[in-house]
Amino acid sequence: MEDGGTLTIARPGKPLPHRIKLTVTAGPDAGASVVARQGAVVGRAKQVDLRLADPSVSSFHVELRATADGVDVHDLESRNGTFFEGARLSRAVVPIGSVLTLGGSTLRVDHDVATDEASAALGSFGPMRGASPAIQAVFAWLARVAPTELALLVEGPAGSGKETVARAVHAASKHASGPFVALDCVGLPREIAEAAFESNESVFSAAKDGTLFLDDVGKLDLDVQSRLLRALEGGPRARVIASSRGELRAAVNAGRFREELYLRIAQARVVLPPLAERPEDVATLALHFLQSLPEDAQAVRRLSREAMDELKRREWRGDVRELRAVVERAAMISKGPTIGTGDLAFERVLSAPREPEIGAYREAKRSVLDDFERKYLEALLARVGDNLSRASIVSGVERHHLRDLLRKHGLRKK
């Protein structure tokens, strides 16, 4: 393989609870080593687990984590790359004892065999539940971080529960009696950012003595990031928790996110594993969602074995949020005492849309959408009758908009 190519040795495996040991074998920091439980990040930034002085190493160069198959190597879009046996790695699993090259330095990766530290695990944290080792390790880490004043960065895919984590940490912190203020950072205009971060009525003032949650902070443009950093350096009297769908360390390396701001908001960091990688959590979560429904809700709270098996087979691209929506919807529409596979399949009851007639694009598109809307609404009413509130819950459509749609298709007069 030519230099600069990308080698995938194996797919990343499940993380293991034991620790990883990194030893620098060549370069300015030869002889340095570190042992880390949750995996380790190597680079030049202050907050990495193994900090190197090598100028050819990126701020956040590579992340390494023990797995069942070896060591998961995740290059964080470093400038000079991470190499194994002459091949440049993007994401790969290498054998225990492998030697990696980072710029002008090399390091050996091993499992640490020390047994003096017990594997910490918690089955819950706040409203969150889980049976997998991966999520239980996350809960244990959150339990340690919550009572501190450390700014926390929560990373994970859409729907994985980042705001739920933030609220749970707030509730378990010294700031629990204060306000919880959430700011959506997606597309935040500069003029609004000035008021949000620098005015007397800023989000920091609103969150005084409480927690400020910066949702999807990686979406801020560089100018707004500078404004946020200045506000943070002014000494906000609030605990700061930020979230990101993407890998912010890679964004730092690429110049899309300011390193100074990253260091300020990621004094502690946690990554939520996707639900697709921990299918053993599906049953625990599904039952928890049913038990969490309001006592006065007209909903079924039991799942058939077949329905549970169906839930475990799904991919859950919308992660935990999608699972919750499916389970709660099924509980609302089930006609029997137990949720069955038919209740879970409600969103699939519509037949495939008919082939559009070839003609003017707008007219053809409108025709297909109208056909879909009518079929969907007819199937919805067949399930819930004329109860608009229940139809709104099941469909996820606001009552007023749902009423307009029903009138449009002649399915409701009032």
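**Two loop residues and the helix packing**

Asp 209 sits in the loop that runs between H4 and E17. In this predicted model, its phi comes out near 65°, a positive value in a residue other than glycine. As for solvent, Asp 209 is partly exposed, at a relative accessible area of 46%. Glu 85 also turns up with a positive phi despite being a residue other than glycine, here near 50°. Its place is the loop between strand E8 (82-84) and strand E9 (87-89). Glu 85 has a relative accessible area of 71%, so it counts as exposed, the cut-off being over 50%.

Moving on to the helices, H5 covers residues 222-233. Its 12 residues, at 1.5 Å a residue, should span 16 Å, and the C-alpha atoms at its ends are indeed 16 Å apart, so the two values agree. Plenty of H5 is tucked away from solvent: Val 224, Gln 225, Ser 226, Arg 227, Leu 228, Leu 229, Ala 231 and Leu 232 are buried. These buried residues pack against a mix of helices and strands, namely helix H3 (190-198), helix H4 (203-206), strand E17 (211-215), strand E18 (239-244) and helix H7 (259-265). H4 and E17, then, are partners of H5 and also flank the loop that holds Asp 209.

Further along the chain, H8 (residues 281-291) packs with H10 (residues 319-333) and with H9 (residues 305-313). For H8 and H10, the angle is about 50° and the axes lie 9 Å apart. Angles of 35 to 65 degrees fall outside the parallel and perpendicular classes, so this pair is oblique. The crossing is right-handed. On the H8 side, Val 282, Leu 285, Ala 286, Phe 289 and Leu 290 make the contact, meeting Val 320, Leu 323, Arg 324, Val 327 and Ala 331 of H10. Sorted by class, that gives nine nonpolar residues, no polar ones and one charged.

With H9, H8 makes an angle of about 120°, again with axes 9 Å apart. These two helices are therefore oblique to each other as well, and H8 passes H9 in a right-handed crossing. Val 282, Ala 283, Ala 286 and Leu 287 are the H8 residues involved, while H9 brings in Met 308, Leu 311 and Lys 312. By class, the contact comes to six nonpolar residues, no polar ones and one charged. Val 282 and Ala 286 of H8 thus appear in both contacts, the one with H10 and the one with H9.

Technical notes: Residues are numbered from 1 along each chain as its sequence is written. This is a predicted model: local features need pLDDT of at least 70, side-chain atom pairs count only at pLDDT 80 or more; totals for chains, interfaces and linings use all residues. Side-chain values use heavy atoms; hydrogens and water are left out. Axes are lines fitted to C-alpha atoms, for helices over the stretch in contact, and angles run from 0 to 180 degrees between N-to-C directions. Helices (H or I, at least four residues) and strands (E, at least two) are DSSP runs, numbered from the N terminus. Angles under 35 degrees count as roughly parallel, over 145 as roughly antiparallel, 65 to 115 as roughly perpendicular and the rest as oblique. A crossing is left-handed if the near helix is turned anticlockwise from the far one by less than a right angle, and right-handed if clockwise. Contact means heavy atoms within 4.5 Å. Ala, Val, Leu, Ile, Met, Phe, Trp, Tyr, Cys and Pro count as nonpolar, Asp, Glu, Lys and Arg as charged, and the others, Gly among them, as polar. The expected span of a helix is 1.5 Å times one less than its number of residues. Buried means under 20% relative accessible area, exposed over 50%, partly exposed in between (1.4 Å probe, protein chains only).
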